[in-house]
Amino acid sequence: FTYTSDQSAMEWGRRLVTTLSKAELKALKSGVTIKALAKESIILYKSFDFEETDSSHRLRACRNVCYHQEGTFVSVENCDVVQCTKHNWKLDVRTMEYTNPPEVFEQEALLVVDDDRDSTGGDGVAIYELIAPPQPWEVDSRPRVAALLPNEVTITYYTHACVEMNFDGVTFFTDPWLVGPAFARG
């Protein structure tokens, strides 16, 4: 997890969310478990073939926060899906993809790493949240260039979310819903 620019290399950080010992892993039921922690809760998904799969596929984890409007999830339907309490968005925890609305968003997974430290008694896991490195312009800020001239940059609003931007003769049109539903069906 290294970002490299012309000026410097920036490492992704990680924050330890929790650890699970070998005994806790064994006691964890297959399917979805919502685990309360001191300041937050997380969703764990233990595969049904837990003993036969490698560590990268046997346990998945994410924060218990919906991408849409930060609602919390509850277990529903079957062992693989959770549903947001605010707007009923559904998340397949096996894949970290939302099923309602379909094919629109993915949930950011937490990093699950085998943990051989004494804190878990060996053969446990550590669960981390990845922290993005600072943006290059935050680390390597440059002096401000001369002020813009009148009409050097123009921005024209057309409708809903369609915008035209003209930068000294170079034109861009944007509309976040050129592909896909305008309201993510949610």
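**Surface and cores of the predicted model**

The protein exposes about 12,400 Å², of which carbon and sulfur atoms supply 52%. The model is a predicted one, and its secondary structure comes to three helices and 16 strands. Of the 186 residues of the protein, 30% count as buried. Among the contacts in the protein with a separation of 6 or more, 41% are accounted for by residues 24 or more positions apart.

In the interior, the largest nonpolar core has 13 residues, and those with the most contacts inside this core are I43, F73, V82, L91 and V93. At least two residues of this core are supplied by each of the strands β5 (41-46) and β8 (81-84). When the neighbours of I43 within four places in sequence are left aside, I43 is in contact with V32, T33, I34, R60, A61, C62, R63, N64, F73, V82 and V93. A second core, separate from the one described above, consists of twelve residues and includes V17, L28, I42 and L59.

On the surface, a nonpolar patch of about 560 Å² is made by L148, V153, I155, F167, V170 and F172. The elements that give two or more residues to this nonpolar patch are β14 (153-159) and β16 (170-174). L148, by contrast, has its place in the loop between α3 (136-139) and β14. This residue, L148, counts as exposed because its relative accessibility is 60%, and the cut-off for exposed is over 50%.

Definitions and conventions: Residues are numbered from 1 along each chain as its sequence is written. This is a predicted model: local features need pLDDT of at least 70, side-chain atom pairs count only at pLDDT 80 or more; totals for chains, interfaces and linings use all residues. Side-chain values use heavy atoms; hydrogens and water are left out. A nonpolar core is a set of buried Ala, Val, Leu, Ile, Met, Phe, Trp, Tyr and Cys residues joined through side-chain atoms within 4.5 Å. Buried means under 20% relative accessible area, exposed over 50%, partly exposed in between (1.4 Å probe, protein chains only). Helices (H or I, at least four residues) and strands (E, at least two) are DSSP runs, numbered from the N terminus. Contact means heavy atoms within 4.5 Å. Accessible areas come from the Shrake-Rupley method with a 1.4 Å probe; for residues, only the protein chains shown count as cover. Patches are made of residues with over 30% relative accessible area and no salt bridge: like charges are joined within 9 Å, nonpolar side chains (Val, Leu, Ile, Met, Phe, Trp, Tyr) within 5 Å. A salt bridge is a side-chain nitrogen of Lys or Arg within 4 Å of a carboxyl oxygen of Asp or Glu.
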